[in-house]
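Me: I've got a protein to look at and I'm new to this. Can you go through it with me?

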Amino acid sequence: MTPAPRPTTALRRTALFLLPALCALTSCGIPATGVVQAGGPAVGIVPKTRVYFVRDGRLVSVPRETDAPGDVDSAVELLLLGPSDAERNKRMRTDLPPGLLNLAGVPPATGGPTAVPQGDSSPGRATVTERDGEITVHLKSLNDELGDLAADQIICTAVAAQRVADPGAEPAPVSVTDPGGRRVEGTSGRCPDG
């Protein structure tokens, strides 16, 4: 009768069989390479800001992609572009006067001719100032009176941008002044949650 193998001998034999199998499983046969430069950096969530349009006489918030999340001036610029075709198909519109629309020289949301007056060298239709805990939007060009709903569109868009920049802060009061000196003030209390 042969003596039973000792546990250490059995472990050695098992290790001798498993080691080549383990090496085969961990090696995929692709040789190692250095750093390969291909394309840009990985992307995650696209930064967005909220702009406010009108549907059925009420404000609705719409997320818009932006390169400058939290920048009130950029958010107001996005608002002044008006609703996209897809948004208009969802019955969204703007109450902003046509003289304010088309900040970037794109045809306005109504699909009509561009709203940028000929000979206008102004780069924008609004100046945004953030100072002493208040946001002021001064409209540079306006042919029609700014209605309350249009002012609310600007106020809510500014507040939404500020919330992106500092989510924990108390929203700043916003004032909108048209070229005629009419001033409309508001806070986040006038804005539907987005």
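**A first look**

Reply: Sure! The protein exposes about 12,200 Å², with carbon and sulfur atoms supplying 55% of that area; accessible areas come from the Shrake-Rupley method with a 1.4 Å probe, and for residues only the protein chains shown count as cover. This is a predicted model, where local features need pLDDT of at least 70, side-chain atom pairs count only at pLDDT 80 or more, and totals for chains, interfaces and linings use all residues. Residues are numbered from 1 along each chain as its sequence is written, and side-chain values use heavy atoms, leaving out hydrogens and water.

Me: What is the mean pLDDT of the protein?

Reply: pLDDT is the predictor's confidence in each residue, from 0 to 100. Here 64% of the residues reach 70 or more. Over residues 103–123 the pLDDT is below 50. For the protein, the mean is 75.

Me: In what order do the elements run from the N terminus?

Reply: Helices (H or I, at least four residues) and strands (E, at least two) are DSSP runs, numbered from the N terminus. There are four helices and six strands to place. Their order is α-β-β-α-α-β-β-α-β-β.

Me: Is S74 buried or exposed?

Reply: S74 sits in helix α2, which spans residues 72–80. Buried means under 20% relative accessible area, exposed over 50%, and partly exposed in between (1.4 Å probe, protein chains only). S74 has 18%, so it counts as buried.

Me: Which residues is S74 in contact with, leaving aside neighbours within four places in sequence?

Reply: Contact means heavy atoms within 4.5 Å. With those neighbours in sequence set aside, the partners of S74 are T66 and A68.
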